[in-house]
Amino acid sequence: MLQSSPWFLSYTTKLLFFARIRRLLQKKASGKCCGASDRFDKFRIEEVEMEKEDEKKEETKTAGMEERKTKETASPFMLQRSVKQLHFGSWEEKEIAVKEIRRLAGEDLRMRKSLAALGVIPSLVSMLGSEASDRRRLAVQALIELANGTYTNKALMVEAGIFSKLPKCDVIDALDELEKRDFAVLMLSISVLANTQLHIASSEILLPFIIRILVSDASMEAKEACLGTIYNLSTMLESIGPLVSSGVVHTLLVLSSEKETSEKALAALGNMVVPVVGKKAMENEPMVPGTFIEILTWEDKPKCQELAAYILMILAHQSSAQREKMSQLRIVPVLLEVALLGSSLAQKRALKLLQWFKDERQSKIGAHSGPQTGRVIVGSPVSQRVTNEGKRMMKNMVRQSLNKNMELITRRANAAGESSNLKALVISSSSKSLPY
């Protein structure tokens, strides 16, 4: 009777409801605990992996430090052994020592200074006079490494008499390409010294050695190194005289006519033409000024055009004989072309030359304008009429010369397939007054 009462039924229903709610909450709570545990395990795995990576990095760093320490510990021993073998060993031991010194010198500047302090440079310089080409090549390569980045080592090489150990001219042709290149690179490295001009200028072997390589069938790298050496020497006024006496001017003129070596050769000639002795030597060459006028026509070499125009300016300055030679070689049309199509610097130099030729021509016309039949009073109508006629004649001559030169430039441009660009340039510049 109690179980069938409404109160009992209501109580039982509520009890079942709360029991279900409790089980549901317990399930959710257990699910959250499991999810948190999974996430904790995941984070733990990542942390372990990161620890392993850190341990690997630490091991690598430790191994590198140990290797560096071992290398630093071994370097002094190897250095002492190599120097001892170089000074007191047999030829075979010396070759092994030179290889090791070459390797050590390539490491850093401090090592190169240490090697020089131990006196290896005089011994290496003396090896340059060996008759065995392999020994000479090893010594040259080691000296190249020792000279890298240190003026002191270069000065020590000069003091050790390195120029006297260079191969003689009759032996240079027998050298292989690598040996020629190595010797040329070593001379280029030493020539940058500012305090060796007296040694270099008084050397009777260096300049013939360089010229011999330039005229031989050496590689382009060797020739460029020799041209760089001549350029460094030409920057010192004390060296211009020995350079001219060695006959290098003619060699540079020949190389300047070749596009592969023209820029470096012209740069050296540009330094040598400034002193009087260099200018006179250049004026006496039959290739001058024709070679430079030819270079002005190289539209694909703007730097060569600029250098050639600079040299022509120096030659033409205060030299009517050189200006006469240039006029006979028809330099004016070439200068007009450069003034229109060249680079900005080449245009300025070409216009300056054109102004000189214009002034010279006007002075000649003023001095030889015709027979003087009588004296004309200044201010009279006859004097003004003659003056006006002279101005008209001068304008007509300039206009005719300009038209003729423009036609010549147009023909050249049409032959090169650039007539449209030239016409546009001529139209845009037609309103400007040209100096000639």
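Which backbone oxygen lies 2.7 Å from a polar atom of the side chain of Ser234? In this predicted model, the partner is the backbone oxygen of Tyr231. Ser234 itself sits in helix H11. With a cut-off of under 20% relative accessible area for burial, Ser234 counts as buried because its relative accessibility is just 4%. Setting aside neighbours within four places in sequence, Ser234 touches Ile240, Leu243, Ala268, Asn271 and Met272.

Zooming out, the chain is built with 22 helices and zero strands. It runs to 436 residues, and 38% of them count as buried. As for how the chain folds back on itself, 68% of the contacts between residues at least 6 apart in sequence join residues at least 24 apart. The accessible surface adds up to about 26,000 Å², with carbon and sulfur atoms accounting for 56% of that.

Next comes the interior. In soluble globular proteins, nonpolar side chains tend to be buried together. Here, the largest nonpolar core takes in 99 residues, and Leu143, Ile162 and Phe292 have the most contacts inside it. Helix H17, spanning residues 302-316, gives the most to this core, chipping in nine residues. Phe292 is worth a look on its own. Leaving out neighbours within four places in sequence, Phe292 is in contact with Leu253, Leu266, Leu269, Met282, Ala308, Ile311, Leu312 and Leu315.

One of those partners, Leu253, leads to helix H13, where Leu253 is among the buried residues. H13 covers residues 248-256 and is mostly tucked away, with seven of its nine residues buried. The buried set is made up of Val248, Val249, Thr251, Leu252, Leu253, Leu255 and Ser256. The cover over these residues includes helices H10 (206-215), H11 (220-234) and H12 (237-245), along with H14 (262-272), H15 (276-283) and H16 (290-295). Helix H11, the home of Ser234, is thus one of the elements that cover the buried part of H13.

Finally, the cysteines. A search of the whole structure turns up zero disulfides. Two cysteines can be placed by their accessibility. Cys226 counts as buried because its relative accessible area is 1%, and Cys304 is buried too because its value is 2%, both judged against the under 20% cut-off.

Note on methods: Residues are numbered from 1 along each chain as its sequence is written. This is a predicted model: local features need pLDDT of at least 70, side-chain atom pairs count only at pLDDT 80 or more; totals for chains, interfaces and linings use all residues. Side-chain values use heavy atoms; hydrogens and water are left out. A disulfide is a pair of cysteine sulfur atoms within 2.5 Å. Buried means under 20% relative accessible area, exposed over 50%, partly exposed in between (1.4 Å probe, protein chains only). Helices (H or I, at least four residues) and strands (E, at least two) are DSSP runs, numbered from the N terminus. Contact means heavy atoms within 4.5 Å. A nonpolar core is a set of buried Ala, Val, Leu, Ile, Met, Phe, Trp, Tyr and Cys residues joined through side-chain atoms within 4.5 Å. A polar contact is a pair of N or O atoms within 3.5 Å; within protein, one must be able to donate a hydrogen and the other to accept it, and residues adjacent in sequence count only if both atoms are side-chain atoms. Accessible areas come from the Shrake-Rupley method with a 1.4 Å probe; for residues, only the protein chains shown count as cover.
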